[in-house]
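Visitor: I am new to this structure and would like a close look at one part of it. Please take me to the open and enclosed spaces, and show me what surrounds them.

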Amino acid sequence: MLTELAGISLLLAVIAIIVRILLRSHRTPSSRVAWITIVIALPLLGIAAYLLLGEVNLGRRRIEQLQKNKQILPPPSTVSAPYSETSASAEQDRFAQLFKLGQSISGFQAEDGNRAQLMTDSNSAIDAMVADIDKARESVHLSFYIWLSDRNGSKVIDAVKRAASRGVSCRALADGLGSRSLIKSKHWKDMQKSGAQVAVALPVSNPLLSPLLGRIDLRNHRKIAVIDNAISYCGSQNCADPEFLPKARYAPWVDILLRFTGPVVTQNQYLFVTDWMLATEENLSHMLLPANDKVAGFTAQVVGTGPNYRFSAMPELLVGLLTTARQQLTISTPYYVPNESMQDALCATAYRGVNTTLILPARNDSRFVAAASKSCYADLLTAGVRIMEFEGGLLHAKTLTMDGQITLVGSTNLDRRSFEINFENNILLRDSAITAAVLQRQEEYITASREVTLAQLESWSLGSRLLNNSLAMLAPVL
């Protein structure tokens, strides 16, 4: 009797979860099929997995705080002043629609008057950031997904302590999972003792409470530095050594970072402020003042994404970039697990005759991602996409250059986690000089890579192909 009752209860639970999967908004058909298959094949495990990981749940408190922030903060479109003398011409070219699409995501206008400098490497990037922090007069705002207390991480920690001790308003935000070792260390407390404010973005919650507190694996993957609301850094680099001791076997981590001045600085500040207020509820609306100095510079905008933005916003922008390309498109990413629209658009770009290159790491720190990526190779190569596997370490740089004019840099990987779950930050810009510099960096990646061919794919064993395609099927779930 008890066995029959348990069986009936499990069946009803399975039916209830399947109905929820079918009724849940913002769910692609492939994702629904994948989850329903898992729930039917492994009922107990499938139900538990879906409740923990199946829905992008921010949690009631975070949703309420985000709504409060929206009432307190000015609209994103008002935090920087347009440069009207060049914006009219920009509206007439084919790139204007890309910036309009970017504005539809997080609200920031495309603004002229920006300047940028591409950092030479990870170590020089940290040194430049430390130098700017040491010159800070008013504020230092830092947010990292991974912040370690290694050589580079300690340099930034010491710079924050020096700035705070001389009266600069310093705030340090670190992700609860990616920076857990630093948050638990004495260095975190030392920053507080020096006068800096510290906060944890998305603390790791009890799995049993995740339906109330929010999805357990929500992460703040952003990398933001804003100094005196005048200088900002954006790119793929965390606050750590390229040797990256937690995963030293894949080192060096090869990143890219740009130093910006101009209106995008205040836009990056806006992202930091929203994240800080979500973590602490401290009102920082007074810090969102647009820069008054108007200088010549290129058009750019910040594109922030996350589970509080519209579903599939970043894939929409990426597909827009791909379909706009006419001559050249080069992408580097450590993690390529695309949705169907992204994969199809990349293939279509090559079919249209665009010189299309995808650069991935030869050795990935995630076997699942590596296998899922390889399952996409055949279609890409058949379409004419050149696939290069970087052999000089783990290529962690997230870059896109297009037609010698457009560059996208930031924290977003080309995978479903970045698209749907993580909080991410990116900068979209139009400038031939910066695009040439980033493209040259991409060419350096290509020089240190081996090219993948269709002949090589044909030599893969049956077992390898089965594994790659099987794991790729789980992409809509994981």
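Visitor: Before we go in, how many helices and strands does the secondary structure of the protein chain come to? Then please stay with the pockets and cavities.

Guide: The model is predicted. The protein chain has 20 helices and 19 strands.

Here is the setting. The chain has 478 residues, and a compact globule of that length would have a radius of gyration near 23 Å. The chain has 23 Å, so the two agree. Along its principal axes, the C-alpha trace spans about 75 × 55 × 45 Å. Of the 478 residues, 54% count as buried. Now take the contacts between residues at least 6 apart in sequence. Of these, 82% join residues at least 24 apart.

Now to the spaces. Rolling a probe the size of a water molecule over the atoms shows where empty space is left.

Start with the largest pocket. Its volume is about 900 Å³. Its lining counts 33 residues. Nearest the centre lie Y145, K247, Y335, D365 and R417. By class, the lining of this pocket has 15 nonpolar, 9 polar and 9 charged residues. Helices contribute here. α9 (180-183), α15 (367-374) and α17 (416-420) each give at least two residues to the lining of the largest pocket.

Pause at α15. Which residues of α15 are buried? They are V369, A370, A371, A372 and S373. These buried residues pack against β11 (336-337), α16 (377-383) and α20 (462-473). So α15 has two roles in this tour, and a short recap helps: α15 supplies at least two residues to the lining of the largest pocket, and its buried residues pack against other elements, α20 among them.Move to the second largest pocket. About 610 Å³ of space lies in it. Its lining is made of 24 residues. L66, Q67, K70, N308 and Y309 lie nearest the centre of this pocket. Three elements give two or more residues to its lining: α4 (60-72), α6 (96-106) and α12 (263-280). α4 gives the most, with 5 residues. By class, the lining of the second largest pocket divides into 14 nonpolar, 6 polar and 4 charged residues.

Next, the enclosed spaces. A search of the whole structure finds 7 cavities of 30 Å³ or more. The largest cavity holds about 120 Å³ of space. It is lined by 14 residues, and L318, K398, L408, T412 and L414 are the closest to its centre. Which elements each supply at least two residues of this lining? They are α13 (313-324), β10 (328-332), β15 (399-402) and β16 (406-410). The largest share, 3 residues, comes from β16. By class, the lining of the largest cavity has 7 nonpolar, 6 polar and 1 charged residue.

Now leave the spaces for places where the chain is filled in. Look at strand β5 (residues 224-227). In a regular strand the side chains alternate between the two faces of the sheet. Both faces of β5 are covered. I224 and V226 are buried on one side. A225 and I227 are buried on the other.

β5 has strands on hand to pair with. Strand β2 (residues 139-144) runs antiparallel to β5, and 4 bridges join them. In that pairing, H141 has V226 as its bridge partner. Strand β6 (residues 231-235) also runs antiparallel to β5, with 3 bridges between them. Here I227 is partnered by I231. β5 and β6 form a hairpin, with 3 residues between them. In the turn, D228 has a positive phi of about 55 degrees.

One last stop is R441, in helix α18 (residues 432-447). Is R441 buried or exposed? The relative accessible area of R441 is 12%, and buried means under 20%, so R441 counts as buried. Leaving out residues up to four places away in sequence, R441 touches L118, M119, T120 and I256. Take L118 from that list. R441 and L118 are 323 residues apart in sequence. In space they are 9.4 Å apart, C-alpha to C-alpha.

How values were computed. Residues are numbered from 1 along each chain as its sequence is written. This is a predicted model: local features need pLDDT of at least 70, side-chain atom pairs count only at pLDDT 80 or more; totals for chains, interfaces and linings use all residues. Side-chain values use heavy atoms; hydrogens and water are left out. On a 1 Å grid over the protein atoms alone, a cavity is a set of points where a 1.4 Å probe fits but cannot get out, and a pocket is an open set with protein on both sides within 12 Å along at least five of seven lines; lining residues have an atom within 4 Å of a point. Grid points are joined across faces, edges and corners, and a volume is the space filled by probe spheres set on the points. Ala, Val, Leu, Ile, Met, Phe, Trp, Tyr, Cys and Pro count as nonpolar, Asp, Glu, Lys and Arg as charged, and the others, Gly among them, as polar. Buried means under 20% relative accessible area, exposed over 50%, partly exposed in between (1.4 Å probe, protein chains only). Two strands pair if DSSP finds at least two bridges between them. The radius of gyration is taken over C-alpha atoms; the globule rule is 2.2 Å times the number of residues to the power 0.38. Contact means heavy atoms within 4.5 Å.
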